[in-house]
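User: Please take a close look at one part of this model, the core and what packs around it. I would like one connected account rather than a list.

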Amino acid sequence: MKNRKVNRREFLQRSGTVLAGIGLSSHFHPIRSKINPKSKGPYDYVIVEGHRDIWEFNDRFSLGEDSQNSPLRDFILPRLLEGGVDVVIMPAGGDSVDERGGSDYLLKGSMQVTDMLLTEIEKCGEEASIIKTRKDIPVQPDKNHVRFFLDLEGGGSIEIDPEPGDHPDRRLALLRNFFRLGIRGMQLTHNGRNQLGDGISEGKMGGRLSKFGVEVVKEMNRLGMMIGVSHLSANGIFHTAEISSKPIVSTHTNMQNFTHIDRDHSDEEAKAIAATGGIVGIRYVVNETSYEMLADEIDYMTDLIGVDHIGIGWLGHDIGHPDPGQVPGFTDEQPPGEVERQTMYQHWHNFIGILEKRGYTEEQLANILGGNYLRIWREILPE
């Protein structure tokens, strides 16, 4: 059952429920040792990063250096662990050439990226795994393990022939096979149009889902997959909210009145997503947002849709990979700004501190930082 929406003053006056039973490591930490021990930080919450693109994988692989051939194990995972990130939603392919590792082929490229991520996760041993069922969902922070929730960023890879003669069950074969490989979410479109519906580049409002798109939504509900609408047109979002029997999620999109980005959501879109029980996950954007602005956005969304429908998609590039195309030690360019010069730990610690100062309780912070995603996964994923 969804929580009743309360106004800003009421929910800030509520007392927080202290998270119990979470043990913290006593070993020395070079960053955390400088921080007030009374304040809460990334290690105190289950943190879900709503969308991490595969740019760093692409950049390191493109160097052709043996030392860069295990990007997750050797570079990304250590920073995630140090940063206190427990779960990462990561595209395992999609409609964008970048999300297919540079491949021009929709199905082949996504299959190659899915294989790449599964292979990379296997290399990490006990420090990484993928979320497939409810049993895989974390119940408390784990400083020694990161879980990956694999997503397709757009449904182009599951498309059928333009004039299919297949029985309806066969039309969804590719979707089911990605599910069997461990994919547990899919953005219905990227920015462009595919056979499911209109992405945002077709116009802000765009069209409703196609017949095939409707079939895909219903099959994702049946299988136990998270339906993503971050790049979908507004009418596509409204249509998806109407027909989905489970929560829908925008993992990495801001509110339109805080940015100058066309694909960001209107109030009506955010309300439609929240009405399904879903989440809008805000994201840092270079030259568009600051952490204070993102906190302003969370304040606004709390009044609009309630704290149980807010997540965090992305807090920016860090010093280990300052910008797409840059690999430290191999490029001479400097990080573009303060956020990109910081570690992942600093990102999360700083943002948590801002929200604490605004009066959010530990319980509310736990939901925003990851708990709202966990709730949805407990509802939709298979046993």
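Analyst: The model is a predicted one, and the account starts from its core. The largest nonpolar core has 80 residues, and the members with the most contacts inside it are F148, M186, L188, V216 and F351. One of these, L188, is a convenient point from which to look outwards. Leaving aside residues up to four places away in sequence, L188 touches G154, G155, N194, L196, L209, V216, V217, M220, I227, G228, L232 and T240. Apart from this core there is a second, separate one of 16 residues, which includes I89, I137, V249 and W377.

Two of the residues touched by L188, V217 and T240, lead to a pair of packed helices. In general, two packed helices are described by the angle between their axes and the distance between the axes. Helix α6 covers residues 211–223 and helix α7 covers residues 234–243; they pack at an angle of about 45°, with the axes 10 Å apart. An angle of that size is neither under 35 degrees nor within 65 to 115, so α6 is oblique to α7. The crossing of α6 past α7 is right-handed. On the α6 side the contact is made by V214, V217 and N221, and on the α7 side by H239, T240 and I243. Sorted by class, this contact has three nonpolar residues, three polar ones and no charged ones. V217 and T240 thus appear both among the residues that L188 touches and in the contact of the two helices.

Helix α7 can be followed further. Its residues A234, G236, I237, H239, T240 and A241 are buried. The buried residues of α7 pack against α6, and also against β6 (226–228), β7 (248–250) and α8 (267–275). I227 and G228, which L188 touches, fall within the range of β6.

A second helix pair involves another part of the chain. Helix α3 (residues 71–83) and helix α10 (residues 344–357) have axes that come within 7 Å and cross at roughly 30°. With angles under 35 degrees counted as roughly parallel, α3 and α10 are therefore roughly parallel to each other. Their crossing is right-handed. R79, L80, E82 and G83 of α3 meet M344, Y345 and W348 of α10 in this contact. By class there are four nonpolar residues, one polar and two charged. F351, listed among the core residues with the most contacts, lies within the residue range of α10.

Two loop positions complete the picture. P141 sits in the loop between β3 (128–130) and β4 (146–153), and P141 is buried, with a relative accessible area of 16%. P141 is 54 residues from V87 in sequence, while their C-alpha atoms are 9.7 Å apart in space. N287 belongs to the loop between β8 (279–283) and α9 (291–304). N287 is exposed, at a relative accessible area of 77%, and has a positive phi of about 70° although it is not a glycine.

As for the setting of these parts, the chain has eleven helices and nine strands. Of its 383 residues, 57% count as buried. Among contacts in the chain with a separation of 6 or more, 74% are between residues 24 or more positions apart.

Note on methods. Residues are numbered from 1 along each chain as its sequence is written. This is a predicted model: local features need pLDDT of at least 70, side-chain atom pairs count only at pLDDT 80 or more; totals for chains, interfaces and linings use all residues. Side-chain values use heavy atoms; hydrogens and water are left out. Axes are lines fitted to C-alpha atoms, for helices over the stretch in contact, and angles run from 0 to 180 degrees between N-to-C directions. Helices (H or I, at least four residues) and strands (E, at least two) are DSSP runs, numbered from the N terminus. Angles under 35 degrees count as roughly parallel, over 145 as roughly antiparallel, 65 to 115 as roughly perpendicular and the rest as oblique. A crossing is left-handed if the near helix is turned anticlockwise from the far one by less than a right angle, and right-handed if clockwise. Contact means heavy atoms within 4.5 Å. Ala, Val, Leu, Ile, Met, Phe, Trp, Tyr, Cys and Pro count as nonpolar, Asp, Glu, Lys and Arg as charged, and the others, Gly among them, as polar. A nonpolar core is a set of buried Ala, Val, Leu, Ile, Met, Phe, Trp, Tyr and Cys residues joined through side-chain atoms within 4.5 Å. Buried means under 20% relative accessible area, exposed over 50%, partly exposed in between (1.4 Å probe, protein chains only).
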